[in-house]
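Please open the model in your viewer and keep the sequence panel beside it, so that each stop can be selected by residue number. The tour goes from the surface to the interior.

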Amino acid sequence: MEFIQYILKLGPSVMLPIVIFIFALLLGQKPGRAFRSGVMIGIGFIGIGLVISLMLNNLGPAAKLMAERFGVSLTVVDVGWPGSSPMTWASQIGGLSIPVAVAVNVVMLVLGLTRVVNVDIWNIWHMAFTGALLHIATGSLMIGLAGVAIHAAIVFKLGDWFAPVVEKYYDLKGVAIPHGTSAYCGPIAVPIEWLLNRIPGIRDINFNSEKIEEKFGVIGEPMIIGLILGCIIGAMAGYGADLVMQLGMQMAAVMVLMPKVVKCIMEGLLPVADSARELLEKKFSGKKFYIGLDPALLLGDSQVVAASLLFVPLTLIIAAIVPGNKVLPFGDLATIGFFVAMAVGIHGGNLFRTLISGFVIMAGTLWISTQTIGLHTILAQQAGTKLAAGVTQVASMDQGGSPITYILLQLFNPDNVAGLVVIGVIYIASVLLTIKYSKGISKELKQVEEQSTSYKA
C-alpha cells in the first residue's frame, strides 16, 4: 500500500513512463527502445502540464474577473482535476482502486467483455473518486470498492464503443480512450448528432478551423483564432490593452504548442500500442484489441483546441443560467478540451455541432457537480486539503460532474429520486444510442479496410 502511494505521488509524468517502460519490455521490445518510449511520454505530459498551467494561470483569473464583471454570483469554486485527483489518491479507496480496476480489466478481457487493454494507470483516479464518494455517502468500504469496479467496467466498455471514433476521426488505430471526461461525456453527443442529421438546413451547417482558414486566410489560422479569442476574453474581463494583448498571445501559443506536445506522447505511446496490439491479435487469432490510453492524446487536434477556447466564456455563461448551479468554473476551464474531445470526433470536427453538444455537456456537468458539493467537501477534509481563507466548500466539474458517479451515488444512497430518474434515463438512452452508433462506424471502417485490401490486391 505504501509503495502504491509512493508511485502515485510521482504523478503521471513519471508514473506513466515507468508503466509504459515495463509494459514495452514485457512485449519484447529492446530496453533502449522501451526506455525511449517512456521518456518521450514523460516529456509529453510535462509539456501538456506546462500548456495547461499557461491556460489556468492566465485564463483562470480572467474568467473570474469576467464572472464578477457580469454579475455571475456563484459560491463554490471548481478546483478541477488538479485539485480532485490528489484528494482522491489520499483517500482510503485511492490505493485499493488500482488492483480493483486492473482485476476488472483482466476479468473482462478473459471473458471477452472488452477489447481494451488499459495501461493508463494514473487515470484510475476517476474510478477511485466514485468509490471514495460512495464510501463517504454509505460508510461502507465494500460499497466504495464496488463503485470502483462498476465504474471501471463502464469505462472499459465506453473505450470499446468509442474506439471506432478514435480510429476514424483521430486516426489512432488500435487505441481506445477509456478514461476521464472524454469517455463519459461522449454518449451525450451521440443523440445530438443523430438529431441534427435529421433537421433540414441545420444538418448542412458545418464550420471548423480549416474552413475558417480557407475562407479568411491567415486570419483563420489556429494561432490567430487563439489570439482573437484570448483578446476577446481579456476584454470581457475588463483588462487594459496591455493585458488583453498578453492574454491573446498566450492563447495563440496554446493553439500552437498543444498539438506539438501531444505529438511527444504519441511518439512514445503508439509504437508500444502497436506492439501490444500485434502480440495480442497474434496470440488470440481473429480478435482485435485496443490499448487504453490517456485522453490527452486527443488534445492535439486543432478543433479540440479551438473548442476549448470557445468554451471558456461559454461555460461561464452556462454556469450563470443553469438552474440551481452553485459552481463557479475555474480549475477545469483549462482542460475543457477533455469534456468535448469525443464530441469533436463524433461530429467529425464540426464546431457548430460541437458547440451544441458542449452546451448540453457543460450544463449537465455543472448541475451534477452542484449535487456532489457536500461529499466532495468531506473528501477534501479527509485528505487534509488546505483550503484558501474563507473557503468552506469545494467542487469539481471533472468527475464531480460525472453522470456515472452521480447515478451510482443515487442508487446506493438516494436523496434525489427525481434527479436520478432524469439523469439516469437521459444517460442510459444516450449509451444505448452510442452502442448502435459504434456498430455503424465499425461497419464503415470495415468496408473501407476491405476496399483498401481489394484495391491493393
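**First stop: a helix and its surface patch**

Begin by selecting residues 94–110, which form helix α5, and find Val 106 within this helix. Keep in mind throughout the tour that you are looking at a predicted model. Val 106 counts as partly exposed because its relative accessible area is 44%, which falls between the limits of 20% for buried and 50% for exposed. Now add Val 102, Val 107, Val 110, Leu 111 and Leu 113 to the selection, and you will see, together with Val 106, a nonpolar surface patch of about 540 Å².

**Second stop: two residues with positive phi**

Select Asp 171 next, in the loop that runs between α7 (141–168) and β3 (175–176). Although Asp 171 is not a glycine, its phi is positive, at about 60 degrees. Then move to Gln 399, which you will find in the loop between α15 (373–382) and α16 (403–412); this residue is not a glycine either, and its phi is positive at about 75 degrees. Which of the words buried or exposed fits each of them? Asp 171 has a relative accessibility of 56% and so counts as exposed, whereas Gln 399, at 0%, counts as buried.

**Third stop: a pair far apart in sequence**

Select Ser 73, in the loop between α3 (31–69) and β1 (76–77), where this serine counts as exposed because its relative accessibility is 68%. If you also select Lys 326, you can compare two kinds of distance, since the pair is 253 residues apart in sequence and 8.3 Å apart in space, C-alpha to C-alpha.

**Last stop: the cavities**

How many cavities of 30 Å³ or more does the structure hold? There are 3, and the largest of them contains about 80 Å³ of space. To find the largest cavity, select residues of its lining, including Ile 52, Met 258, Leu 299, Ser 308 and Gly 337. The elements α3, α12 (302–321) and α13 (336–346) each supply at least two lining residues, and α12 gives the most, with 3. The lining of this largest cavity consists of 8 nonpolar and 3 polar residues, with no charged ones.

Finish at the second largest cavity, which holds about 60 Å³ and has among its lining residues Leu 16, Phe 45, Asp 120 and Asp 294. Two or more residues of this lining come from each of α2 (12–26) and α3. Here the lining divides into 7 nonpolar residues, 2 charged residues and no polar ones.

Terms used: Residues are numbered from 1 along each chain as its sequence is written. This is a predicted model: local features need pLDDT of at least 70, side-chain atom pairs count only at pLDDT 80 or more; totals for chains, interfaces and linings use all residues. Side-chain values use heavy atoms; hydrogens and water are left out. Patches are made of residues with over 30% relative accessible area and no salt bridge: like charges are joined within 9 Å, nonpolar side chains (Val, Leu, Ile, Met, Phe, Trp, Tyr) within 5 Å. Accessible areas come from the Shrake-Rupley method with a 1.4 Å probe; for residues, only the protein chains shown count as cover. A salt bridge is a side-chain nitrogen of Lys or Arg within 4 Å of a carboxyl oxygen of Asp or Glu. Helices (H or I, at least four residues) and strands (E, at least two) are DSSP runs, numbered from the N terminus. Buried means under 20% relative accessible area, exposed over 50%, partly exposed in between (1.4 Å probe, protein chains only). On a 1 Å grid over the protein atoms alone, a cavity is a set of points where a 1.4 Å probe fits but cannot get out, and a pocket is an open set with protein on both sides within 12 Å along at least five of seven lines; lining residues have an atom within 4 Å of a point. Grid points are joined across faces, edges and corners, and a volume is the space filled by probe spheres set on the points. Ala, Val, Leu, Ile, Met, Phe, Trp, Tyr, Cys and Pro count as nonpolar, Asp, Glu, Lys and Arg as charged, and the others, Gly among them, as polar.
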